[in-house]
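Hi everyone, thanks for coming. Please take a look at the screen, and I'll walk you through what is there.

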Amino acid sequence: MARSKAFAAFEIHAYRWLFISNMTFMLAMQGQMLVRSMLTYQLTGSAFNLGLVNFAVAVPMLLLGPWGGVVADRVERKQLLIIGTCMVVAAESTILFLYFAGLLQFWHLMCSAFVMGCVIPLTMPAQSAMVVDVVGKRDLQNAMALSMGGMAATRIIGPTLSGFLVAVFGLGGAYSVGVSFYALSALAIVPVTRNINKRDIAATTALADLVEGVRYVRDNRLVMSLLVFGIVPMFLAAPFQSLLVVFTESVWHVGSQGLGLLYAISGAGGLLGSIFVARLPDSYARLKTMIFTLFCFAFLLMGFALSPWYLLALPLALAANACTSIFSAVNNASIQILVPDEVRGRVSSFMMMSFSVTPLGTLPMSWVAEHYGAPMAVSLASAMVVVVVALFLIFSKSLRNIDREVEAVLGNRA
């Protein structure tokens, strides 16, 4: 009988600790983004420097992204997560000490951001691969949906909590709590079972491993199709988040409070979508689910962009983010089910690198918004999503066979 328990993965002891570790890390990271921005602006008074801090995170993520999966497939993943998290704790603790000592300077924040940009691409593929290590393929989708739901929740809780802490305890107090959360994340990994790497890494080089990972994706048409297909909402429509301030200020005139509520609604939509996927049974129509949610996402987003009323835009944003959350959870889980453990870290790094296309999509959308208005830019991107999804459905035979392929793997390796 097919299971539909929403929290089945939480019955696994190791997954509970891995979930706690990941959530405390993400909660700290989401909150520290706000506090670091406030520190940067307090020190420099420059909006451009806010962009430089984000740039310091983005560059190492882009450069190290492909190698993070190679590392995850060559070393013991639990140890890698502990070392990476401790590096973040050390960097953030240094910032905290300099702040209380009155010695903090802007370049210190740049260095801390750079460390974060180095750690994320080296640890996130290992974290994703460890989910499979501890839950197996049968509970993988439920576990990934719960993880994505938790991350969506941190997008709401993290900045809100940090804003409250800043108001009550000041920037130093808020930063101290963030550092404590990072430390708790490292401690929570300790009870997780170590994974035993059965590969003979001495027989190959890191570069050869990277080439092997690229070759695997190239030769496995279904995995490659899913990786590219997963980019669609990120590149064409997800950058609309960067234009939310334009809608709230110039279209609906609801100000910063309206913008904050819109961000919270977006995070809530992601959480609801993840909960929906967590409740899905082991067997269901994956292709239909992905196609339907992407089409719904596109039309809901277009309705959001063209809405003349803020109150109507709120439920549309909620539903649109729920749809893209469902799509991403199903897409990512399907990839992890299909790939063998020997290349799981490398494929996970390719999945993570797909998130870097969002800034690329932001540039053309911002150009259209500048010349023709934000509603036109988001509407055009939404229409392109519909076209691209239809093209995938028509021309990708491997994608159309996803249900049969995934069920075959689950039947053989459960």
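Let's begin with the overall make-up: the protein chain has 16 helices and zero strands. Please keep in mind that this is a predicted model. The chain runs to 414 residues, and buried residues make up 53% of them. How much of the contact count comes from residues 24 or more positions apart? Taking contacts in the protein chain with a separation of 6 or more, such residues account for 87%. As for the outside, the chain exposes about 18400 Å², and carbon and sulfur atoms supply 71% of that area.

Now let me pick out one helix, α11, which covers residues 310–338. Its 29 residues, at 1.5 Å a residue, should span 42 Å, and the end C-alpha atoms are indeed 42 Å apart, so the expected and modelled spans agree. Is this helix enclosed or open to the outside? Of its 29 residues, 24 are buried, so α11 is largely enclosed by the rest of the structure.

A good residue to look at there is S325, which sits in helix α11. S325 has a relative accessibility of 8%, and because buried means under 20%, S325 counts as buried. Setting aside neighbours within four places in sequence, S325 is in contact with M148, G270, G273 and S274. You can also find L294, 31 residues from S325 along the chain, with 9.9 Å between the two C-alpha atoms.

Let's move over to A268, in helix α9. A268 has a relative accessible area of 23%, so this residue is partly exposed. With neighbours within four places in sequence left out, the contacts of A268 are I156 and L318. R155 is 113 residues away from A268 along the chain, yet their C-alpha atoms are separated by 8.8 Å.

Next, the charged pairs. How many salt bridges does the structure hold? There are three. One of them joins R36 and E92, whose closest N and O atoms are 3.0 Å apart. This pair links distant parts of the chain, with R36 in helix α1 (residues 13–44) and E92 in helix α3 (residues 77–100), 56 residues apart. Are these two partners buried or exposed? Both R36 and E92 are buried.

Another salt bridge is between D219 and R218, again with 3.0 Å between the closest N and O atoms. Then there is R286 with E407, where the side chains meet at 3.1 Å, N to O. That pair, too, links distant parts of the chain: R286 belongs to helix α10 (residues 286–306), E407 to helix α16 (residues 402–413), and their positions lie 121 residues apart. The two partners have their own surroundings. R286 has a relative accessible area of 1%, so R286 is buried, whereas E407, at 29% relative accessibility, counts as partly exposed.

On to the rings. A search of the whole structure turns up 11 aromatic pairs. Among them is F229 with F392, a tilted pair with 4.9 Å from centre to centre and 50 degrees between the planes. Here F229 comes from helix α7 (residues 221–236) and F392 from helix α14 (residues 374–395), 163 residues apart, so to speak a link between distant parts of the chain. F229 and F392 are both buried.

What kind of pair do W252 and F304 make? Their ring centres are 5.3 Å apart and their planes stand at 80 degrees, so this pair is edge-to-face. W252 lies in the loop between α8 (244–251) and α9 (255–278), while F304 is in helix α10, 52 residues apart. W252 is buried, with a relative accessible area of 8%, and F304 is buried as well, at 0%. These two also belong to a cluster, in which ring pairs link F247, W252, F304 and Y310.

Finally, let's go to the surface. I157, L161, F164, V168 and F169 form a nonpolar patch there, with about 490 Å² of accessible area together. I157 is found in helix α5 (residues 140–189). At 46% relative accessibility, I157 counts as partly exposed.

That's the tour; thanks for listening, and I'm happy to go back to any part of it.

How values were computed
Residues numbered from 1 in each chain as written. Predicted model: local features only at pLDDT ≥ 70, side-chain atom pairs only at ≥ 80, totals over all residues. Heavy atoms only, no water. Salt bridge = Lys/Arg side-chain N within 4 Å of Asp/Glu carboxyl O. Helix = DSSP H or I, 4+ residues; strand = E, 2+ residues; numbered from the N terminus. Buried < 20%, exposed > 50% of the residue type's maximum accessible area, 1.4 Å probe, protein only. Phe/Tyr/Trp six-rings, centres within 6.5 Å; stacked < 30°, edge-to-face > 60°. Patch = residues over 30% accessible without salt bridge, like charges linked within 9 Å, V, L, I, M, F, W, Y side chains within 5 Å. Areas by Shrake-Rupley, 256 points an atom, 1.4 Å probe, with all protein chains shown as cover. Contact = heavy atoms within 4.5 Å. Expected span 1.5 Å × (residues − 1).
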